[in-house]
Amino acid sequence: VNLTVSGDGMLVNNVPELQGTLSVANFSPQQLLKALGEEPVDTQDNAVLQRAELQGDWTLVGDKAALENLVSRVDDTGIKGWVRAASIEQEQLVFDLQIDALDLDRYSAPAKTTVETATGGDPVASQPGFGLPLEQLRSLDLEGRVAIGNLTVAEAELSEVLVKLRIQQGQLRLNPLNAKLDGSNYSGDVRLDATTDQPKLAFDLRVDNLD
């Protein structure tokens, strides 16, 4: 991975105030994981996570940092926006990203069926916690907005997707969650409580002009 960073700045009362630019030349995320001794991401499409690059302007002021004017591309997906660390020490992140088109189905894990036998001998699905990374969710302090021009998920073709995300202390909320689907308008408010090993999911969904 070729990373180029330049910048300048000063110390003000022993607090760094720095700024500059950075760029990451095209590389393969899957090959990077392999070089680091990590397992590759298991995806339905083996052609994804083979190309990634980004560039932007960075700042560091005391405990705060930011990557502004971000321009990135992962495979066929273009991404623009900014990411800011409201507090590096407390790992508080905020972001605003615009994505041109994304096919999530290509990045999803291959379908696997895990079953266990119930008392009566019938197979039942076994996926504690909806298969979510609960520990990681509990450690995140994240807030942001994502706008996607075209999104494919579960074979559904969505457009004009807008999601506002908030994760704090194991509580996740997506509100608003708006999109268009085949002429219909979709809006939702989704909440996930991941503070226990049995997460609680609540949602309020609305679809207008459904054919």
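## A surface patch, a pocket and two hairpins

Val-1 counts as exposed because its relative accessible area is 61%, over the 50% cut-off. This is a predicted model, so keep that in mind as you look around. Val-1 sits in the segment before strand E1 (3-12). On the surface, Val-1 teams up with Leu-32 and Leu-36 in a nonpolar patch, and together they have about 290 Å² of accessible area.

Now for the pocket. The largest one holds about 550 Å³ of space. It is lined by 16 residues, and Leu-104, Leu-151, Val-153, Val-163 and Leu-174 are the ones closest to its centre. Which strands each supply at least two residues of that lining? They are strand E9 (141-153), strand E10 (156-168) and E11. E10 gives the most, with five residues.

E11 also leads into a run of paired strands, set out here.

| Strand pair | Direction | Bridges |
|---|---|---|
| E11 (residues 171-181) and E12 (residues 184-193) | antiparallel | nine |
| E12 and E13 (residues 200-208) | antiparallel | nine |

In the pairing of E11 with E12, Gln-171 stands opposite Asp-193 in E12. The hairpin of these two strands has two residues between them, and Asp-182 there takes a positive phi near 50 degrees.

On to the next turn: a hairpin through six residues joins E12 to E13. Across that pair, Asp-189 faces another Asp, standing opposite Asp-204 in E13.

Terms used
Residues are numbered from 1 along each chain as its sequence is written. This is a predicted model: local features need pLDDT of at least 70, side-chain atom pairs count only at pLDDT 80 or more; totals for chains, interfaces and linings use all residues. Side-chain values use heavy atoms; hydrogens and water are left out. Two strands pair if DSSP finds at least two bridges between them. Helices (H or I, at least four residues) and strands (E, at least two) are DSSP runs, numbered from the N terminus. Patches are made of residues with over 30% relative accessible area and no salt bridge: like charges are joined within 9 Å, nonpolar side chains (Val, Leu, Ile, Met, Phe, Trp, Tyr) within 5 Å. Accessible areas come from the Shrake-Rupley method with a 1.4 Å probe; for residues, only the protein chains shown count as cover. A salt bridge is a side-chain nitrogen of Lys or Arg within 4 Å of a carboxyl oxygen of Asp or Glu. Buried means under 20% relative accessible area, exposed over 50%, partly exposed in between (1.4 Å probe, protein chains only). On a 1 Å grid over the protein atoms alone, a cavity is a set of points where a 1.4 Å probe fits but cannot get out, and a pocket is an open set with protein on both sides within 12 Å along at least five of seven lines; lining residues have an atom within 4 Å of a point. Grid points are joined across faces, edges and corners, and a volume is the space filled by probe spheres set on the points.
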